[in-house]
Amino acid sequence: MNKLLLWSLLLICIQSYAGILDEQDKQKHIFAETVITGASAFALKDSEHPILYPLLIGAGVGLAKEVYDSRLGGSGFSKQDLLADSIGITIGLTAGSSFNIIYSNDFTGIGFRTEF
């Protein structure tokens, strides 16, 4: 039951943050970074730095996209897109870390200890 509650709260948070910016382009940035960073966090859960590596992957992809956009004939470098990327990175790290907690073998619930 606790896993279902955590899963529901996570989805509500993701949906509420996705509606922060009205521009469709910014929502695409948020969604893409959420997926990239969340998948990286889930995949790298057993690495030496399970938070830092996904953060660097997400930030690197977002920055590379903006550098690509700044080329001649591109849409230009956008600080607002980087802000949207950072929101997506935050959501992705939260989601990936939450999935890691939910699917770990020793998860007993939010705020409960296994030993008394």
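Which elements are included in what covers the buried residues of α3? The views below lead up to the answer.

**View 1. The whole protein is a predicted model with four helices and zero strands.** From the N terminus on, its elements run α-α-α-α; helices (H or I, at least four residues) and strands (E, at least two) are DSSP runs, numbered from the N terminus. Residues are numbered from 1 along each chain as its sequence is written, local features need pLDDT of at least 70, and side-chain atom pairs count only at pLDDT 80 or more, while totals for chains, interfaces and linings use all residues. Side-chain values use heavy atoms, with hydrogens and water left out.

**View 2. Confidence varies along the protein.** The average pLDDT (the predictor's confidence in each residue, from 0 to 100) is 79, and 71% of the residues score at least 70. Helix α1 (residues 2-18) has the lowest confidence, with a mean of 64, whereas helix α3 (residues 52-69) has the highest, at 93. Where pLDDT is low, the predicted coordinates should not be read in detail.

**View 3. Helix α3 has a buried side, and here is its cover.** Pro54, Gly58, Gly62, Glu66 and Asp69 are the buried residues of α3 (buried means under 20% relative accessible area, exposed over 50%, with a 1.4 Å probe and protein chains only). They lie on the same side of α3 because they cover an arc of only 100 degrees around the axis, the arc being that of the directions from the helix axis to the C-beta atoms. An α-helix has 3.6 residues a turn, so residues three or four places apart point the same way. Leu56 and Tyr68 are exposed on the face turned away from the buried side of α3. To answer the opening question, the cover of the buried residues of α3 includes α2 (24-43) and α4 (79-102).

**View 4. Helix α2 also has a buried side.** Among its buried residues are Lys26, His29, Ile30, Glu33 and Thr34. The buried residues of α2 cover an arc of only 160 degrees around the axis, which puts them on the same side of α2. On the face turned away from that side sit the exposed residues Gln24, Lys28, Phe31 and Ala43.

**View 5. The end C-alpha atoms of α2 are 28 Å apart.** That agrees with the 28 Å that its 20 residues should span at 1.5 Å a residue; the expected span is 1.5 Å times one less than the number of residues.

Methods
Contact means heavy atoms within 4.5 Å.
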